[in-house]
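Subject: A structure for you to look at

Dear colleague,

I am passing on the structure below, together with some notes on what turned up in it. Please open it alongside this message, so that you can follow each residue as you read.

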Amino acid sequence: MASQTQGIQQLLAAEKRAAEKINEARKRKAARLKQAKKEAQAEVEKYRAEREAVFKAYEDKHLGTKADIDNQIRRETDAQLEDMKRSVAQNKQQVIVRLLQLTCDIKPELHHNLILQKKLHGEFTN
């Protein structure tokens with residue numbers, strides 16, 4: 001019976017050692033996975049930075065910098081304002097004359113609805 005107990009004890013000890021080895025292997029596997037994940041993340045960040053740099057260079061080459069765009073918009077706006085000022089200066093007198101004509105030279109006429117109403121009722125002869 002002692003040999004059976006000793007055999008069982010040996011089996012239990014072997015089982016315990018096997019469980020410890022399995023746990024250690026799982027820990028090593030988890031550590032390798034964590035390390036691989038960190039390396040992959042670093043690689044992704046490196047790739048992202050490279051692509052950002054390529055895009056920024058493309059954008060600067062084809063579109064210009066933000067300051068260039070701002071300056072271009074400012075120049076276009078100034079040119080449009082100058083065109084408007086020239087147009088106002090050229091047409092100012094004509095507009096004033098036309099407004100004065102419309103407000104001062106009044107030709108009294110009956111409203112066309114009143115003319116129609118009088119024609120229908122026979123009160124208006126033209």
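The notes below take the overall shape and then the salt bridges.

Please bear in mind throughout that this is a predicted model.

The coiled-coil annotation

The UniProt record, which is an unreviewed entry, places a feature called "coiled-coil region" at residues 8–94. In the model, the chain over residues 8–94 is 97% helix and 0% strand, and the C-alpha atoms at the two ends of that stretch are 117 Å apart.

Helix α2

Helix α2 covers residues 66–104, which makes 39 residues, and at 1.5 Å a residue it should span 57 Å; the C-alpha atoms at its ends are 54 Å apart, which agrees with that expectation. Even so, α2 has a kink of about 50 degrees, and this kink is centred on N91, so you may wish to look there when you trace the helix.

The salt bridges

How many salt bridges does the structure hold? There are three of them, and I take them in turn.

In helix α1, which runs over residues 2–62, E45 and R48 lie three residues apart, or about one turn of the helix. The two residues form a salt bridge in which the closest N and O atoms are 2.8 Å apart. E45 has a relative accessible area of 37% and is therefore classed as partly exposed, and R48, at 46% relative accessibility, counts as partly exposed too.

Helix α1 also holds K56 and E59, again three residues apart and about one turn of the helix from each other, and their side chains meet in a salt bridge with an N to O distance of 3.6 Å. E59 is at 23% relative accessibility, and since buried means under 20%, E59 counts as partly exposed. K56 is at 45%, which also counts as partly exposed.

The remaining pair is in helix α2, where R86 and D83 are three residues apart and are therefore separated by about one helical turn. Their salt bridge has its closest N and O atoms 2.3 Å apart. Both partners are partly exposed, R86 with a relative accessibility of 46% and D83 with a relative accessible area of 42%.

Why might such a spacing suit a contact between side chains? An α-helix has 3.6 residues a turn, so residues three or four places apart point the same way.

With best wishes

Note on methods:
Residues numbered from 1 in each chain as written. Predicted model: local features only at pLDDT ≥ 70, side-chain atom pairs only at ≥ 80, totals over all residues. Heavy atoms only, no water. Helix = DSSP H or I, 4+ residues; strand = E, 2+ residues; numbered from the N terminus. Expected span 1.5 Å × (residues − 1). Bend = angle between axes of the 7 residues up to and from the residue. UniProt positions renumbered as here; feature names shortened; annotations may be inferred. Salt bridge = Lys/Arg side-chain N within 4 Å of Asp/Glu carboxyl O. Buried < 20%, exposed > 50% of the residue type's maximum accessible area, 1.4 Å probe, protein only.
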